[in-house]
Amino acid sequence: MAQNRKPVIAVVGAGKCSKKLSDMAAEVGRIIAENGGVIICGGLGGIMEGAAKGAKEAGGTTIGIIPSDQKEDANEYIDYVIPSGLGEARNILVVRSADVIIAFPGKYGTLSEMAFALQSGKPLISVNAWKLGDDIVQAETPKEAAEMALKLVTET
């Protein structure tokens with residue numbers, strides 16, 4: 001990675017989730033932001049909103065690639081809204097724009113993002129998300145996931 005470029009970490013997961021999972025995503029966003037990283041996500045609710053909220057509260061930058069063509073659909077913590085108009089197809093843009101992907105539990109959209117990460121050779125960290133094989137780094141806590149992501153960025 002170029003030395004003058006900030007690491008871009010994707011946080012993916014359910015669009016609707018428990019407060020506990022949202023708080024876990026916020027912790028990841030906060031740690032990434034405190035260490036100079038940028039959060040990119042699908043820009044909507046749940047895990048995405050949690051990660052963006054944590055990053056913003058730590059003074060970080062957030063990018064949301066939303067499925068609709070209406071900027072207003074993004075959650076309030078997104079700095080840069082990219083209205084794709086692509087529906088779920090925007091998932092590949094989230095993954096391709098990131099240096100590392102952190103996946104939280106979710107449904108098929110999360111599964112597709114994890115598959116895109118694996119197909120594109122991007123480092124993928126799971127925090128209790130889909131178990132898809134040995135190519136996925138498993139993290140037990142949000143802190144561990146964020147620290148691993150920042151370490152993997154420097155190695156790529």
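**Close-up 1. Strand E5 of the predicted model, residues 100-103, has buried side chains on both sides.** Val100 and Ile102 point one way. Ile101 and Ala103 point the other way. All four residues are buried. In a regular strand, side chains alternate between the two faces of the sheet.

**Close-up 2. Strand E5 pairs with E1 and with E6.** E1 covers residues 8-12 and runs parallel to E5, joined to it by four bridges. Within this pairing, Val12 stands opposite Ala103. E6 covers residues 124-126 and also pairs with E5 in the parallel sense, over three bridges. Here Ile102 of E5 faces Ile125 of E6 as its opposite residue. Helix H4, residues 108-120, joins E5 and E6 in a β-α-β unit, which is right-handed.

**Close-up 3. Cys17 and Cys41 are not bonded to each other.** Why is there no bond between the two sulfurs? The sulfur of Cys17 has its closest cysteine sulfur in Cys41, 12 Å away, and is therefore too far for a bond. The cut-off for a disulfide is 2.5 Å. Seen from Cys41, the closest cysteine sulfur is that of Cys17, again at 12 Å. The surroundings of the two residues can be given as well. Cys17 is partly exposed, at 29% relative accessible area. Cys41 is buried, at 0%. Across the whole structure, the search finds zero disulfides.

**Close-up 4. Helix H1, residues 19-34, carries a salt bridge between Asp23 and Lys19.** The closest N and O atoms are 2.8 Å apart. The two residues are four apart in the helix, so about one helical turn separates them. Asp23 is partly exposed, with a relative accessible area of 39%. Lys19 is exposed, at 62%. Side chains of opposite charge can pair when their charged atoms come close.

**Close-up 5. Arg30 and Glu34 form a salt bridge in helix H1.** Their closest N and O atoms lie 3.1 Å apart. What spacing along the helix separates Arg30 and Glu34? They are four residues apart, which means about one helical turn. Both ends are partly exposed: Arg30 at 32% relative accessibility, Glu34 at 49%.

**Close-up 6. Lys53 and Glu57 meet in a salt bridge in helix H2, residues 47-57.** The N to O distance is 3.9 Å. The cut-off is 4 Å, so this pair counts. Four residues, or about one helical turn, separate Lys53 from Glu57. Lys53 is partly exposed, at 33%. Glu57 is exposed, at 61%. The whole structure holds six salt bridges, including this one.

Conventions. Residues are numbered from 1 along each chain as its sequence is written. This is a predicted model: local features need pLDDT of at least 70, side-chain atom pairs count only at pLDDT 80 or more; totals for chains, interfaces and linings use all residues. Side-chain values use heavy atoms; hydrogens and water are left out. Buried means under 20% relative accessible area, exposed over 50%, partly exposed in between (1.4 Å probe, protein chains only). Two strands pair if DSSP finds at least two bridges between them. A crossover is right-handed if, with the strands pointing away from the viewer, the path from the first strand over the helix to the second runs clockwise. A salt bridge is a side-chain nitrogen of Lys or Arg within 4 Å of a carboxyl oxygen of Asp or Glu.
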